[in-house]
Amino acid sequence: MTTIDENQILLELCMKIRNADIFTTTQRGVTTTTQTGIYVGATTDTINVSNVKNIRSIVIASVTLTYGTDYTINLDNNSTCTIAYTTAQTGAYTITYDYGTDKIFPDYARPDLTISSFPRISMGFLSIQSDNGGFGNVNMNRYDITIVTYESNKKTLADYTKAIRTFIINNQNNFYYMKIVKPKLQGPILPGPFNKLKNKIYQQNLDIMSTLNLEIN
């Protein structure tokens, strides 16, 4: 059974945008570090850090693993980060990851944020459209997701949106939980909806869509 998992879809999108360095690690408030060791038939690993934000890479026996195909992660497993491998792993490994506070999240920004919370990127589902995917209990799904960037300078905001759009275009086939991913709609630059920051923070939405996602039950 392959029922849609919105949380996993947004987590992957969020981590990939974090890894793309749209914002610097300084802007995000994170530090990049590594965990190393040697596996012998390992199927899981735990990073004992409470605020891991993204896994940049996992290299085992000189082979770089692919997210989703080779491993999945749980960023918040009782204040640790847990990695689950698809098959047992043996060899010297290096896990590169970011930890800290961050300003890129798989949810929407609260209206009571202060100026120190920006720049910021948020994202969320707009809709999931399901059609008949063939004989049997098969759905063909299209995901519509919005990525919202917030920034005080309009020109810088437009540059961030362009960087995200470029990333999506260059990686349309490089997602695990989404198939073909394309930009769909880019909105205007508007004042952000923040109670204490009227005309100080602006926002721009980039809507993306992912097609050909099968759901088989």
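1. Start at Tyr 177. In this predicted model, Tyr 177 comes out as partly exposed, with a relative accessible area of 22%. That figure sits not far above the cut-off, because buried means under 20%. The residue before it in the numbering, Tyr 176, is also partly exposed, at 37%.

2. These two tyrosines pair up. The ring centres of Tyr 176 and Tyr 177 are 4.9 Å apart and the planes stand at 90°, so this is an edge-to-face pair. The angle settles the label, because planes over 60 degrees apart count as edge-to-face. If you have the model open, bring in Tyr 67 and Tyr 71 as well: together with Tyr 176 and Tyr 177 they form one aromatic cluster.

3. There is plenty more of this to look at, as a search of the whole structure gives 11 aromatic pairs. Another one worth a look is Tyr 39 with Tyr 85, where the centres are 5.5 Å apart and the planes are at 70°, so this pair is edge-to-face too. It ties together distant parts of the chain: Tyr 39 belongs to strand 1 (residues 30-47) and Tyr 85 to strand 5 (residues 81-100), with the two positions 46 residues apart in numbering. Both Tyr 39 and Tyr 85 are buried, whereas Tyr 177 is partly exposed.

4. Rings also take part in contacts with charged side chains here. Lys 16 lies over the face of Phe 175, at 5.5 Å from the ring centre. Arg 18 does something similar with Phe 105, sitting over the ring's face at 5.8 Å from its centre.

5. Now for the backbone. Most residues other than glycine have a negative phi, and most peptide bonds are trans. Asp 21 is worth checking on that score: its phi is positive, about 60°, and it is not a glycine. You'll find Asp 21 in the loop between helix 1 (6-19) and helix 2 (25-28), where it is partly exposed with a relative accessible area of 41%.

6. Ala 61 is another residue to check. Its phi is positive at about 50°, although Ala 61 is no glycine. Ala 61 is placed in the loop between strand 2 (52-60) and strand 3 (63-64), and at 44% relative accessibility it counts as partly exposed.

7. Last, a peptide bond. The one running from Phe 118 to Pro 119 is cis, with omega near 5°. Look for Pro 119 in the loop between strand 6 (104-105) and strand 7 (120-132).

Methods. Residues numbered from 1 in each chain as written. Predicted model: local features only at pLDDT ≥ 70, side-chain atom pairs only at ≥ 80, totals over all residues. Heavy atoms only, no water. Phe/Tyr/Trp six-rings, centres within 6.5 Å; stacked < 30°, edge-to-face > 60°. Helix = DSSP H or I, 4+ residues; strand = E, 2+ residues; numbered from the N terminus. Buried < 20%, exposed > 50% of the residue type's maximum accessible area, 1.4 Å probe, protein only. Lys NZ or Arg CZ within 6 Å of the ring centre and 35° of its normal.
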